[in-house]
Every structure is written in structure tokens, then in C-alpha cells.
Amino acid sequence: MKNIIEKALSNSYSYKEYTKLVSTLIEQGLSTGNTQSEALLHYSQLNETRVKRLDKTITVDASIVSNIKSIKKPFIWLVITEGWCGDAAQLLPIINKMAILNEAIDLRIVLRDDHEALMDLFLTNGSRSIPKLLVIDASTKEVLADWGPRPEPARKLIADYKSEHGVVDEPIKIELQKWYLQDKGLTTQQEIIHLMNNYLVATSKTKESFLH
């Protein structure tokens, strides 16, 4: 796994580089990924608008800010995504806003279709669902935790609808976007900081056990 992680990191983008790549491709009538279609281009264009809006409007909750700033150990947050992914458009700006609060957190982004071996290590119920956030020890390149592709209430919303209707169609996609709009990124922030805190607490307890 370490070789796969290191290869991905060597071909990763910063948030600024990633958003520029997506915009450049859209100008050329293209989306990211191995498959090209009018639908994927349309989704990419919608997502670009969402990302720009969220970059301007999304804020990190004050309690989360203090938690993020208290992290001392260097981490890499590696996100697997694609420009056409609607969930990623809602979540990446939040993850970026959290990461820039602390220099110990280095946010890097890779495209799913360019890193299938990496994606296949972090499937969701057997599928290559994105976005996926990997929390990586910056020194050892060990993956310590992963999160995604959606915050839990959004996951449940989609799962319940699919269980009842058998498909994920346009009506539930609209409801999902409404949920993201109303939530304002708070649940995502809480779940990610909970993930980080769980790891840091576990690490602290392990160190204490060695000292006694």
C-alpha cells in the first residue's frame, strides 16, 4: 500500500491546482476522468459554480477551528475525486477551508480514474464512490483513517431513497443538494474532526501505556 500512496502523492494536486485543472478542461469542453460525455461536462460546469460559491461563503465553525489549530503532528489529507462529482463539489471546499487553518495539514488531491489501484483500496460497499478523504501520517505515509463519500445524514438520505425506489434519480439528487445547502458544511466538519480526534486520543493512550 505504501508504494501506491507514495505514487499517488507524487502525482497529486494542491486545491488551487486541482480547481484550475477542472476549469481548464471545462474551457476545452472536457471533464476529468476516462469517460467523456455531455452529461459529465454539464455536471462539471455546475460543480465549478458550486465550488466558487462555497469558496466564498463556507465558514468553519468556531469550535472546529480551535480543534484544527491544536493539531501539532503533520498530516496529509489526500482526497480521491473527479471534477464531475456532485458530492465532491460540496465537500472539497469545506475540507480545504479546514486544512488551511493549520500548516501541519497538507491537503492533496488525486483523480480517481488516474489512480484506480488506490481507489480500489478504499471502496464503499464494493463501489468506487467519491470523494474519499485519506488521513495520512506525513512522515511514514501510513493511512491512519478514511472518510467519505458523504457525511452520514447524506449517506442515509440516499440509502433510504434507493432502498425504497431502487434508483438514485433526479428528485433525490435535488433533495441531496438541498441537504448540503441547509447543513452549511457543519456535519462534514464535525465528522472529520471527530475522525482526527479519535486517532489523536488513541495515539495518546498508546504513548501513555508505554510510559507506565
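Select Lys 132 and Asp 146 to begin the tour of this predicted model: the two side chains meet in a salt bridge, with a nitrogen-to-oxygen distance of 3.8 Å. Lys 132 lies in strand E3 and Asp 146 in strand E4 (residues 143-147), so the salt bridge ties together parts that are 14 residues apart in sequence. Colour the pair by accessibility and the two partners separate, since Lys 132 counts as buried at 5% relative accessibility, whereas Asp 146 is partly exposed at 35%. Then add Glu 116, Asp 120 and Arg 128 to the selection, where salt bridges that share partners join these residues into one network.

Next, show the whole of strand E3. Six of its six residues are buried, which leaves the strand mostly covered. If you display the side chains, you will find Lys 132, Leu 134 and Ile 136 pointing one way, while Leu 133, Val 135 and Asp 137 point the other way, and all of them are buried.

With E3 still on screen, bring in the strands that pair with it. E1 and E3 run antiparallel to each other and pair over six bridges; to find one place in this pairing, select Leu 78, whose bridge partner in E3 is Leu 134. E3 and E4 are also paired in the antiparallel sense, over four bridges, and here Leu 134 stands opposite Asp 146 of E4. Follow the chain through the hairpin of E3 and E4, where five residues lie between the strands, and stop at Lys 141, which takes a positive phi near 65°.

Return to E3 and select Asp 137 together with Lys 73. The side chains of these residues meet in a salt bridge at 2.9 Å, N to O, and the pair links distant parts of the chain, with Asp 137 in strand E3 (residues 132-137) and Lys 73 in the loop between helix H4 (62-69) and strand E1 (75-81), 64 residues apart. Asp 137 is buried, with a relative accessible area of 6%, while Lys 73 counts as partly exposed at 28%.

For a salt bridge within a helix, move to Lys 52 and Glu 48, whose side chains meet at 3.9 Å, N to O. These two residues are four apart in helix H3, and therefore are separated by about one helical turn. Lys 52 is partly exposed at 49% relative accessibility, but Glu 48 is buried, with a relative accessible area of 18%, because it falls under the 20% cut-off. Across the whole model, the count comes to 11 salt bridges.

Now hide the charged pairs and turn to the nonpolar residues. Select Trp 77 and Met 98, which touch the most other members of the largest nonpolar core, a set of 41 residues. Helix H5 (residues 86-99) gives this core its largest share, seven residues. A second core, separate from that one and made of 18 residues, can be located by selecting Ile 76, Trp 84, Leu 118 and Val 143, which are among its members.

Keep Trp 84 displayed and finish at Ser 31, in the loop between helix H2 (15-27) and helix H3 (38-57). Is Ser 31 buried or exposed? With a relative accessible area of 4%, Ser 31 is buried. Leaving aside residues up to four places away in sequence, Ser 31 touches Leu 25, Gln 36, Leu 40, Leu 41, Ser 44 and Trp 84.

Note on methods:
Residues numbered from 1 in each chain as written. Predicted model: local features only at pLDDT ≥ 70, side-chain atom pairs only at ≥ 80, totals over all residues. Heavy atoms only, no water. Buried < 20%, exposed > 50% of the residue type's maximum accessible area, 1.4 Å probe, protein only. Contact = heavy atoms within 4.5 Å. Salt bridge = Lys/Arg side-chain N within 4 Å of Asp/Glu carboxyl O. Core = buried A, V, L, I, M, F, W, Y, C linked by side-chain atoms within 4.5 Å. Pairing = 2+ DSSP bridges.
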